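Please open the model in a viewer and keep the sequence panel visible. The tour below proceeds from the whole chain to individual selections.

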Amino acid sequence: MNFQTKTTNFEIPPSSCDLLVENRHVMNVLSIYQLLIRFWNTLRLSPFRVETFCSALTSEENTVLLSDIFIALIKAIVKDDEQKGIVFGPSDVLHNYSILFYLMDGLTYSEVLRFYLNGLTVPDFDSAETTRPLSSPAAPLLDIDSNLDLLQILIDHFISTNARNQLMSSPELDHEDFCRSCGKIGELICCDRCTCVMHYECIPAGNIPENERVWVCTVCQKHNV
């Protein structure tokens with residue numbers, strides 16, 4: 001018996017077309033952003049908006065936000081390795097790289113990351129190809145493709161640490177910190193079915209909650225979440 005699979009082409013909604021990244025990057029950017037926001041407290045990151053993240057990824061300068069994200073992920077992964085008794089370098093150079101690791105900053109994290117990735121023994125992982133951008137004179141200033149590839153690798157490794165247990169034990173996502181409409185903070189109403197928050201005055205006229213304790217955003221209503 002033959003089965004035919006019907007597939008639907010995913011189209012980026014118009015609301016995502018004003019982001020600073022190309023449409024082909026949007027889903028990768030959002031998936032990485034969502035995990036960073038989910039674990040911002042564990043990673044000791046300050047909350048930030050997706051627009052700010054996109055701006056950092058496409059910036060022609062080395063931004064503080066992107067540096068902080070890379071450094072936070074590297075430290076979390078290496079700390080977990082140390083707790084498991086895994087060292088991230090050969091014994092003859094480990095001391096030197098340990099110093100570099102603890103003094104890591106926005107200019108040196110790319111070298112630590114290159115060293116760490118070169119030491120990984122993961123099936124189907126080409127460390128030489130992956131770390132090639134990190135060996136360029138421009139590092140840590142990389143293009144968006146390289147940044148997303150490296151962030152995804154770190155995210156995948158981070159999820160394999162104790163962070164995964166935290167995610168499984170607390171599957172509900174925290175609500176966002178900024179209004180979905182205007183992007184500002186303040187007194188926000190939380191959607192009862194997703195992470196969306198909005199100011200009362202920013203809620204569309206047809207979506208104003210009748211009960212102040214229960215509100216469902218327009219996206220959840222549209223998709224019957």
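A residue is called buried when its relative accessible area is under 20%, exposed when it is over 50%, and partly exposed in between, using a 1.4 Å probe and protein chains only. By this criterion, 38% of the 225 residues in the protein chain are buried. The model is predicted: local features need a pLDDT of at least 70 and side-chain atom pairs count only at pLDDT 80 or more, while totals for chains, interfaces and linings use all residues. Residues are numbered from 1 along each chain as its sequence is written, and side-chain values use heavy atoms, with hydrogens and water left out.

**The whole chain**

Begin with a cartoon view. The protein chain has 10 helices and two strands, taken as DSSP runs (H or I of at least four residues for helices, E of at least two for strands) and numbered from the N terminus. Their order along the sequence is α-α-α-α-α-α-α-α-α-β-β-α. Among contacts (heavy atoms within 4.5 Å) with a separation of 6 or more, 50% join residues 24 or more positions apart.

Next, colour by pLDDT, the predictor's confidence in each residue on a scale from 0 to 100. The chain averages 77, and 74% of the residues score at least 70. Helix α3 (residues 50-58) has the highest mean, 90, whereas helix α5 (residues 91-102) has the lowest, 58. Now select residues 1-7: their pLDDT is below 50, and this stretch makes zero contacts beyond near neighbours in sequence.

**The loop before α3**

Select Arg44, in the loop between α2 (40-43) and α3. Arg44 is not a glycine, yet its phi is positive, at about 60°. Its side of the model is open to view: Arg44 is exposed, with a relative accessible area of 75%. Ser46 belongs to the loop between α2 and α3 and is exposed at 59%. A distance drawn from the C-alpha atom of Ser46 to that of Leu65, 19 residues apart along the chain, gives 9.2 Å.

**Helix α6 and the largest cavity**

Move to helix α6 (residues 109-118), which is mostly covered, with seven of its 10 residues buried. These are Tyr109, Ser110, Val112, Leu113, Phe115, Tyr116 and Leu117.

Tyr109 also leads to the largest cavity, whose lining includes Tyr109, Ala56, Leu57, Pro140 and Asn147. A cavity is a set of points on a 1 Å grid over the protein atoms alone where a 1.4 Å probe fits but cannot get out, and lining residues have an atom within 4 Å of a point. The search finds two cavities of 30 Å³ or more, and the largest has a volume of about 60 Å³. Grid points are joined across faces, edges and corners, and the volume is the space filled by probe spheres set on the points.

From the lining, select Pro140, in the loop between α7 (127-130) and α8 (144-159). The peptide bond joining Ala139 and Pro140 is cis, with omega about 10°.

**The cysteines**

Finally, select the cysteines. Which cysteine sulfur is closest to that of Cys220? It is the sulfur of Cys217, at 3.6 Å, too far for a bond. The structure holds zero disulfides, a disulfide being a pair of cysteine sulfur atoms within 2.5 Å. Cys220 is buried at 4% relative accessibility, and Cys54 is buried at 1%.

Key: On a 1 Å grid over the protein atoms alone, a cavity is a set of points where a 1.4 Å probe fits but cannot get out, and a pocket is an open set with protein on both sides within 12 Å along at least five of seven lines; lining residues have an atom within 4 Å of a point.
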